[in-house]
Amino acid sequence: MTKELNEKLIIQLLEKAIEINEFYFLYQPKVTKNNTIIGVETLIRWNNSILGNVAPSVFIPLAERYGLITKLTELAIEQTIRQCSQWSKKQINLNVAINVSTIDLSSEKTILHFYNTLNKFAVNPSQITLEITETAMIENREQCAAVLATMRALGVNLAVDDFGTGHASFIYLKYFPITEIKLDQLFIKNMLQSNFDKKLIRGMIMLSKEIGCKTVAEGVENYETAQILCEMDVDILQGYFFSKPTTAENIEKLIKKTEKENA
Ligand code: C2E
Ligand code: CA
Ligand code: CA
């Protein structure tokens, strides 16, 4: 099948999948230097009856290109905020992160849906982090900046995702009230082999501190990498070393386990 045909098929199935909601969400812990799970990132999963499991790295860019992303973001918002409120009722206070793109920030309907869902589940905005993934261009920077300023004023945390690899990372820092910088996995995965990557990471952590942001290292796959990042004073670690993305139930088990380890 040609690439174009394949893409068309995925888009058709994606439209149908949105109608019948074929998606579910997993959570990956965000862990502090002293081994406390302080938050999770929500990650979408699509299991289609014809295609099987389709990776988000395949269907999210297509959804962005074909005007379907805001519908998926609304599903993620609903699910994440509902889960956050369920955890709060069990006295589990976690910050929950949702992936959004600048396309979502241009949609008034999506923004309204976000505020309404916070109200519906009585979740404090400070419990939410929006991880903003760069699309190639920020089409209406002023509108994005206004939306993000309002969200920040309400207490929502704002992260710039995949920092260091995108087209406009520094523009994000300059114009948006960013509170968290997520260093791209590309640097973290190479750091044990590459002194140069280590230097880049140290530099990005210093930059992040200088402008008052928290630094998150993602893609941490082993103890040695975690150790070096802690020595470099990174604030939060995320990666397979701690846990792969998993169910809400398993997150609760992991929290209990780490609490025991830390006692
Ligand atoms: P991301 O936001 O950078 O998310 C991190 C990705 O890295 C996730 O892949 C996660 O499973 C994976 N990962 C985490 N730790 C490790 C590790 O130690 N090693 C390795 N090799 N991988 C690790 P996933 O879930 O396949 O998502 C891929 C991308 O798709 C995400 O990258 C994000 O850009 C997008 N995405 C996922 N869920 C959503 C969503 O609900 N909405 C939107 N808009 N985008 C999403
Ligand atoms: Ca992310
Ligand atoms: Ca990322």
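A donor, as the word is used here, is an N, O or S atom lying within 3.2 Å of a calcium ion; water is not among the atoms, so a site may look incomplete. With that in hand, the metal sites of this predicted model can be read off fairly directly.

Take the calcium ion (ligand 3) to begin with. Along the chain, its donors follow the spacing D-D-x55-E. The residues behind that pattern are Asp-161 and Asp-162, each through OD, and Glu-218, which is listed twice through OE, with distances running from 1.9 to 3.2 Å. Asp-161 sits in strand 6 (residues 157–163) and Glu-218 in strand 8 (residues 214–218), so to speak two distant parts of the chain, 57 residues apart, linked by the pair. Asp-161 has a relative accessible area of 5%, which makes it buried, since the cut-off for that label is under 20%. Glu-218, at 7% relative accessibility, is buried too.

The calcium ion (ligand 2) draws on a longer list of names: Glu-41 (OE), Asn-99 (OD1), Glu-131 (OE) and Asp-161 (OD) are its protein donors, at 2.2 to 2.3 Å. Written as a spacing along the chain, these donors read E-x57-N-x31-E-x29-D. Asn-99 belongs to strand 4 (residues 95–101) and Glu-131 to strand 5 (residues 128–133), so this pair ties together parts of the chain that are 32 residues apart in sequence. Their surroundings can be put in numbers as well: Glu-131 is buried, with 0% relative accessibility, whereas Asn-99 is partly exposed at 24%. What joins the two metal sites is Asp-161, which bridges the calcium ion (ligand 2) and the calcium ion (ligand 3), with 4.2 Å between the ions.

Ligand 1 comes next. There are 21 residues around ligand 1, and those that come nearest are Gln-28, Arg-45, Gln-185, Glu-221 and Tyr-240. For Gln-28, an N or O atom of the side chain is 3.0 Å from a nitrogen atom of ligand 1. Two of the calcium donors turn up here as well. Glu-41 places a polar side-chain atom 3.1 Å from an oxygen atom of ligand 1, and Asn-99 likewise has a polar side-chain atom 3.1 Å from an oxygen atom of ligand 1. On its own, ligand 1 has 800 Å² of accessible area, and the protein covers 85% of that.

Away from the ligands, the aromatic side chains are worth a look. The structure holds nine aromatic pairs. One of them is formed by Phe-23 and Phe-59, a tilted pair with ring centres 6.1 Å apart and 40° between the planes. This pair links strand 1 (residues 23–32), home of Phe-23, with helix 2 (residues 56–65), which holds Phe-59, across 36 residues of sequence. Phe-59 also pairs with Trp-46: here the centres are 5.3 Å apart and the planes meet at 80°, so the pair counts as edge-to-face. Trp-46 lies in strand 2 (residues 37–48), and this pair links parts of the chain 13 residues apart. Through these ring pairs, Phe-23, Trp-46 and Phe-59 form a cluster. Phe-23 and Phe-59 are both buried, and Trp-46 is buried as well.

Strand 2 also holds Asn-48. At a relative accessible area of 4%, Asn-48 is buried, and a polar atom of its side chain lies 2.9 Å from the backbone nitrogen of Ile-50.

A few backbone details round out the picture. Helix 3 (residues 69–89) has 21 residues, and at 1.5 Å a residue they should span 30 Å; the end C-alpha atoms are in fact 30 Å apart, so expectation and model agree. After helix 3 comes Gln-91, with a positive phi near 60°. Positive phi values also occur in loops. Asn-35 is not a glycine, yet its phi is about 65°; this residue is found in the loop between strand 1 and strand 2 and is partly exposed, with a relative accessible area of 23%. Asp-233, again a residue other than glycine, has a positive phi near 70°. Its place is in the loop between helix 10 (223–231) and strand 9 (236–238), where Asp-233 is partly exposed at 34% relative accessible area.

How values were computed
Residues are numbered from 1 along each chain as its sequence is written. Chains are lettered from A and ligands numbered from 1 in the order in which they are written. Side-chain values use heavy atoms; hydrogens and water are left out. Helices (H or I, at least four residues) and strands (E, at least two) are DSSP runs, numbered from the N terminus. The expected span of a helix is 1.5 Å times one less than its number of residues. Donors are N, O and S atoms within 2.8 Å of the metal (3.2 Å for Na, K and Ca); water is not among the atoms, so sites may look incomplete. Buried means under 20% relative accessible area, exposed over 50%, partly exposed in between (1.4 Å probe, protein chains only). A residue is near a molecule or strand if one of its heavy atoms lies within 4 Å of it. A polar contact is a pair of N or O atoms within 3.5 Å; within protein, one must be able to donate a hydrogen and the other to accept it, and residues adjacent in sequence count only if both atoms are side-chain atoms. Accessible areas come from the Shrake-Rupley method with a 1.4 Å probe; for residues, only the protein chains shown count as cover. Rings of Phe, Tyr and Trp (its six-membered ring) pair if their centres lie within 6.5 Å; planes under 30 degrees apart count as stacked, over 60 as edge-to-face and the rest as tilted.
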